[in-house]
Amino acid sequence: MIQVIQPKGPTMTETEFRAQAIANGFADFQVKHYASDIAGPLHTHDFAVTLLVVSGEFALQFEDRKAVFRTGECCNLAANVLHAERAGAKGAVVLLAKRA
């Protein structure tokens, strides 16, 4: 299951994202850089993820649909959801945190 997080303003800042993630039990923050137009394979994680797109465009591809996020947008991805990550034409930088 994917849940889109609606920021309080037009976009969410990294500070707001970190505070919200910690309040919701997420930890192990990581910054990931995704090359342009490169999709990974479908896979799952045994942990939930919350993410903020720091720059660029980032998509999560599921078996039956795709969700696209732009700079300042966030989402939560539950554990064990089959998905693939893909960055837009200019790549993407994503800040993520995990919850067991």
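## A buried histidine, a pocket and two loop residues

H83 is found in the loop between β5 (74-77) and β6, and the description that follows rests on a predicted model. With a relative accessibility of 1%, H83 counts as buried, because buried is the term for anything under 20%. The side chain of H83 makes a polar contact with the side chain of E85, at 3.2 Å. Once neighbours within four places in sequence are set aside, H83 is in contact with P41, L42, H43, T44 and H45, with L60, Q61 and F62, and with L77.

**The largest pocket**

E85, the partner of H83 in that polar contact, also belongs to the lining of the largest pocket, where E85 is listed with Y34, H45, V49 and L96 as the residues that lie nearest the centre. H45 thus appears both in this group and among the residues in contact with H83. The largest pocket holds about 190 Å³ of space and is lined by 15 residues, which divide into 9 nonpolar, 3 polar and 3 charged. Three strands, β2 (27-34), β3 (48-61) and β6 (84-99), each supply at least two residues of this lining.

**Loop residues and their exposure**

What is the relative accessible area of M12, in the loop between β1 (2-5) and α1 (14-23)? The value for M12 is 8%, and M12 is therefore buried, since it falls under the 20% limit. The C-alpha atoms of M12 and F29 are separated by 16 Å, and these two residues stand 17 apart along the chain.

Two further loop residues are notable for their backbone angle. Most residues other than glycine have a negative phi. D37, in the loop between β2 and β3, nevertheless has a positive phi near 50° and is not a glycine. N80, found in the loop between β5 and β6, likewise is not a glycine and has a positive phi of about 65°. The loop that carries N80 is also the one in which H83 is found, yet H83 is buried at 1%, whereas N80 is exposed at 54%. D37 counts as partly exposed because its relative accessibility of 44% lies between the limits of 20% and 50%.

The accessibility values of these loop residues are set out together here.

| Residue | Loop | Relative accessibility | Class |
|---|---|---|---|
| M12 | β1 to α1 | 8% | buried |
| D37 | β2 to β3 | 44% | partly exposed |
| N80 | β5 to β6 | 54% | exposed |
| H83 | β5 to β6 | 1% | buried |

How values were computed:
Residues are numbered from 1 along each chain as its sequence is written. This is a predicted model: local features need pLDDT of at least 70, side-chain atom pairs count only at pLDDT 80 or more; totals for chains, interfaces and linings use all residues. Side-chain values use heavy atoms; hydrogens and water are left out. On a 1 Å grid over the protein atoms alone, a cavity is a set of points where a 1.4 Å probe fits but cannot get out, and a pocket is an open set with protein on both sides within 12 Å along at least five of seven lines; lining residues have an atom within 4 Å of a point. Grid points are joined across faces, edges and corners, and a volume is the space filled by probe spheres set on the points. Helices (H or I, at least four residues) and strands (E, at least two) are DSSP runs, numbered from the N terminus. Ala, Val, Leu, Ile, Met, Phe, Trp, Tyr, Cys and Pro count as nonpolar, Asp, Glu, Lys and Arg as charged, and the others, Gly among them, as polar. Buried means under 20% relative accessible area, exposed over 50%, partly exposed in between (1.4 Å probe, protein chains only). A polar contact is a pair of N or O atoms within 3.5 Å; within protein, one must be able to donate a hydrogen and the other to accept it, and residues adjacent in sequence count only if both atoms are side-chain atoms. Contact means heavy atoms within 4.5 Å.
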